[in-house]
Amino acid sequence: MALADDLYAYYSLDEASGSAVDALGARTLTENATVGIRTGKISGARQFAGGGTDFFKASSASVAAFGDTSFTICGWLYLDTFLTFNNVVLGKHGGGGLDPWQLYIGGSGSRRLFWDVVGSDASPVSVSSTNFGQLSTGAWHFFAVWHDAASNLIGISVNAGTANTTATSAGAGGFGGTDATRLFTLGNRESSTSFGMDGALDEIGIWSRVLSSAELTELYNSGAGRDYDYITGGGLNEYTLTADAGAFALTGQPASLKVGRKLAAASGAFALTGQNATLRRTRAIKADAGSFALTGQDAALRAARTIS
């Protein structure tokens, strides 16, 4: 199965301001108050002030209304401080005890991630990231949470490590129809100004299936992360660098090569005609064109050299 299979929504959070744009086009989130910006895990990220009114919300309760079906939400979070109260990362939750689900960071005494889910039996179920332990401020963490309808489990992992899971048999749609009324949010609850996280989010993806541990490891990428173009481009073996009369292009690459795109291939390195060095698999391409000439380039292509 390809990473892009059953991708439901994806928020790169690279915007300079305004809404959180869904890369798939259908489920863009509107900005409540003013959400800030900062350098992200990949390109830009959106910054939340903590305990305020700044967050993103869906325009319709139909967004992320999964009910008793499987889904996964994963992405990167960065914490500036731990608030005394719970720091809400995302959810479909307005503060009521019977609302569908939310992911939050325990207050200053806990500092772990908690994934709370309520089903049709009105009994809240919770699992926390005890296998990973406490989060740290000033660092990016890759989180993943899911509901597995086939196995009747909810789960959580951090940095693609060993997951914590717990049983649930009543779905994840809330009680009394709340799945059809609550809005999906990033950075806070839908109707609360007291529980917003103090930090940033980046590269938030939602799948209408449970991602495997191998897929989470691939997305974590040893801490470097993956972006939307990688996910939809087919993964490690999609792009091939080929020499062409002193210039080179990426076979299979979309016409617009985004700034910050990184080469990733199973072979691990690419030889450049006329170059003494190789282009390593983690070397960043920093240009917006579809092909690149080496005019004026020194004989050795150094690690931080921009290709232009």
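Modeller: Let's start with one cut-off: a residue is called buried when its relative accessible area is under 20%, exposed when it is over 50%, and partly exposed in between. Keep in mind, too, that this is a predicted model.

Colleague: Fine. How do I use that cut-off on R46, buried or exposed?

Modeller: Just compare the number with the limit. R46 has 0% relative accessibility, which is under 20%, so R46 counts as buried. Across the whole protein chain of 308 residues, 50% count as buried.

Colleague: R46 is an arginine. What does R46 form a salt bridge with?

Modeller: Here's the general idea: side chains of opposite charge can pair when their charged atoms come close. In this model R46 forms a salt bridge with E31, and their closest N and O atoms are 3.4 Å apart. E31 sits in strand β2 and R46 in strand β4, 15 residues away in sequence. At 26% relative accessibility, E31 counts as partly exposed.

Colleague: How many salt bridges does the structure hold?

Modeller: There are 6. Have a look at D6 and R209, with closest N and O atoms 3.9 Å apart. This pair links distant parts of the chain, 203 residues apart: D6 is in the segment before β1, and R209 is in the loop between β15 and α1. D6 is partly exposed at 40% relative accessible area, while R209 is buried at 8%.

Colleague: Which residues are linked with R209 in a network of salt bridges?

Modeller: D6 and E215. The side chains of E215 and R209 meet at 2.9 Å, N to O, and E215 is buried, as is R209.

Colleague: E215 is in helix α1, isn't that where I should look next? Which residues of α1 are buried?

Modeller: They are E215, L216, L219 and Y220, in a helix that runs from 213 to 220. To read a helix, look down its axis and ask where the buried side chains point. In α1 they fall within an arc of 140°, so they line one face of the helix.

Colleague: And what covers the buried residues of α1?

Modeller: The cover includes strands β6, β11, β12 and β15, along with helix α2. Right after α1 comes N221, with a positive phi near 55°.

Colleague: How should I read a positive phi?

Modeller: Most residues other than glycine have a negative phi, and most peptide bonds are trans. Two other cases are worth a click. A64, with a phi of about 65°, lies in the loop between β5 and β6 and is buried at 0% relative accessibility. E203, with a phi of about 50°, is placed in strand β15 and is buried at 4%.

Colleague: Now the core. How many residues does the largest nonpolar core have?

Modeller: It has 41, and those with the most contacts inside it are V89, W101, L113, W115, F184 and L201. Strand β6 supplies the largest share, 4 residues. Apart from this core lies another, of 19 residues, among them Y10, C74, A200 and W207.

Colleague: What does L201 touch beyond its sequence neighbours?

Modeller: Leaving out residues within four places in sequence, its contacts include L13, R46, W76, V89, W140 and F143. There's our buried R46 again. For the chain overall, consider contacts with a separation of 6 or more: residues 24 or more positions apart account for 63% of them.

Colleague: How many strands does the chain have, and how do I read a sheet?

Modeller: There are 20 strands and 2 helices. For a sheet, follow the strand order and then look for the edges. One open sheet of 7 strands runs β2-β5-β14-β7-β8-β9-β10 with antiparallel pairing. Its edge strands are β2 and β10, each pairing on one side only. Between β9 and β10 there are 5 bridges, and W115 has V127 in β10 as its bridge partner.

Colleague: One loop caught my eye. Is G109 buried or exposed?

Modeller: Use the cut-off again: G109 has a relative accessible area of 73%, which is over 50%, so G109 is exposed. You'll find G109 in the loop between β8 and β9. Its C-alpha is 9.8 Å from that of Q134, a residue 25 places away in sequence.

Key: Residues are numbered from 1 along each chain as its sequence is written. This is a predicted model: local features need pLDDT of at least 70, side-chain atom pairs count only at pLDDT 80 or more; totals for chains, interfaces and linings use all residues. Side-chain values use heavy atoms; hydrogens and water are left out. A nonpolar core is a set of buried Ala, Val, Leu, Ile, Met, Phe, Trp, Tyr and Cys residues joined through side-chain atoms within 4.5 Å. Buried means under 20% relative accessible area, exposed over 50%, partly exposed in between (1.4 Å probe, protein chains only). Contact means heavy atoms within 4.5 Å. The arc is that of the directions from the helix axis to the C-beta atoms. A salt bridge is a side-chain nitrogen of Lys or Arg within 4 Å of a carboxyl oxygen of Asp or Glu. Two strands pair if DSSP finds at least two bridges between them.
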